[in-house]
Amino acid sequence: MDSPSPKPLYVPGQVPERRFSDEELVWTAEEQQRIDGWVAQYPTSDGAVMKVLWLAQEKFAWLPAEVIKFVAETLGLPYAKVFGVATFYTQYYKQEMGTWVLDVCTCFACQLCGGYDMLHYLEDQLGITKGETTEDGMFSIQEVECLGACGSAPMLQVTNGPYIHNLTAAKCDTLLAGLRAGKVPAFESVTLPQDEDDLGGNRRSDAEAVEAYQTPPVSETIE
Ligand code: FES
């Protein structure tokens, strides 16, 4: 991996670099109307913070400090409060991302089913590590917590959109080739219990098989 480490956006004690001017930080009348409608649904404006952050991300593609501040001012909230929400969720992007963001889950179920193998496979295929973006700006990789699809572990999500279930190296290859060709995978609904043969995934029912994964669960790596 020789791609440069991403520049940290938030360094304690340093003022973050601005990416958007004051002239750009305005809502359209239609956007302001939507925001007013969301705020009206809650006793206080705090309730609308996630929706307004989401709208800001749709508008600006990501959430540098000045955009978070813009959202805070819109809602009359302290910057720290909105910053706390934006930085809690990996779904809110705190750095510029590639066209496709691959959110690879390595939480408990995915980890036990080879989630780290899938993460490392994608890193190898793209020549980047998690938190980085390919030089052509096409792919970013994030390691994320549980995305609520543990029954089809290991899995990933594409740019806050479709889930790819029961990941294998072959499925990763197909996904990357498809995205490079501009094909977004269709949303796939998985119903439990699953038929391993039908899915063609790498779920294992025998505990010994866990040892087959190249990257063992974290608990096994702690001395
Ligand atoms: S542990 Fe990966 S989706 Fe729940």
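In which sense do strand β1 and strand β3 (residues 156-158) pair, and over how many bridges? In this predicted model, the two strands pair in the antiparallel sense, and three bridges connect them. One of the contacts between their residues can be located by name, since the bridge partner of Asp103 in β3 is Gln157.

On its pairing with strand β2 (residues 139-144), β1 follows the parallel sense, here over six bridges, and Trp100 stands opposite Phe139 of β2. Moving on from β3, two bridges join this strand to β4, the two running antiparallel, and Gln157, already met as the partner of Asp103, stands opposite Tyr163 in β4. Taken together, the four strands form an open sheet with mixed pairing, in the order β2-β1-β3-β4. The edges of this sheet are β2 and β4 (163-164), each of which pairs on one side only.

The surroundings of the strands can be read from their burial, for which buried means under 20% relative accessible area. Six of the six residues of β1 (residues 100-105) are buried, so this strand is largely enclosed by the rest of the structure. Its side chains are divided between two directions: Trp100, Leu102 and Val104 point one way, whereas Val101, Asp103 and Cys105 point the other way, and all are buried. In β2, five of the six residues are buried, so that strand, too, is largely enclosed by the rest of the structure.

Two helices can be placed relative to the sheet. Helix α6 (residues 115-126) lies across β1, β2 and β3, and runs at about 160° to β2. Helix α7 (residues 169-180) packs on the sheet and touches β1, β2, β3 and β4, with a direction that makes about 165° with that of β1.

Helix α1 (residues 29-40) can be considered next, beginning with its length. At 1.5 Å a residue, its twelve residues should span 16 Å, and the end C-alpha atoms are 16 Å apart, which agrees with that expectation. Within α1, the residues Glu31, Ile35 and Trp38 are buried. Seen down the axis of α1, the buried residues fall within an arc of 60°, so they line one face of the helix. An α-helix has 3.6 residues a turn, so residues three or four places apart point the same way. The buried residues of α1 pack against α2 (49-60) and α3 (65-75), while Ala29, Gln33 and Ala40, on the other side of α1, are exposed.

Methods. Residues are numbered from 1 along each chain as its sequence is written. This is a predicted model: local features need pLDDT of at least 70, side-chain atom pairs count only at pLDDT 80 or more; totals for chains, interfaces and linings use all residues. Side-chain values use heavy atoms; hydrogens and water are left out. Buried means under 20% relative accessible area, exposed over 50%, partly exposed in between (1.4 Å probe, protein chains only). Two strands pair if DSSP finds at least two bridges between them. The expected span of a helix is 1.5 Å times one less than its number of residues. The arc is that of the directions from the helix axis to the C-beta atoms. Contact means heavy atoms within 4.5 Å. Axes are lines fitted to C-alpha atoms, for helices over the stretch in contact, and angles run from 0 to 180 degrees between N-to-C directions.
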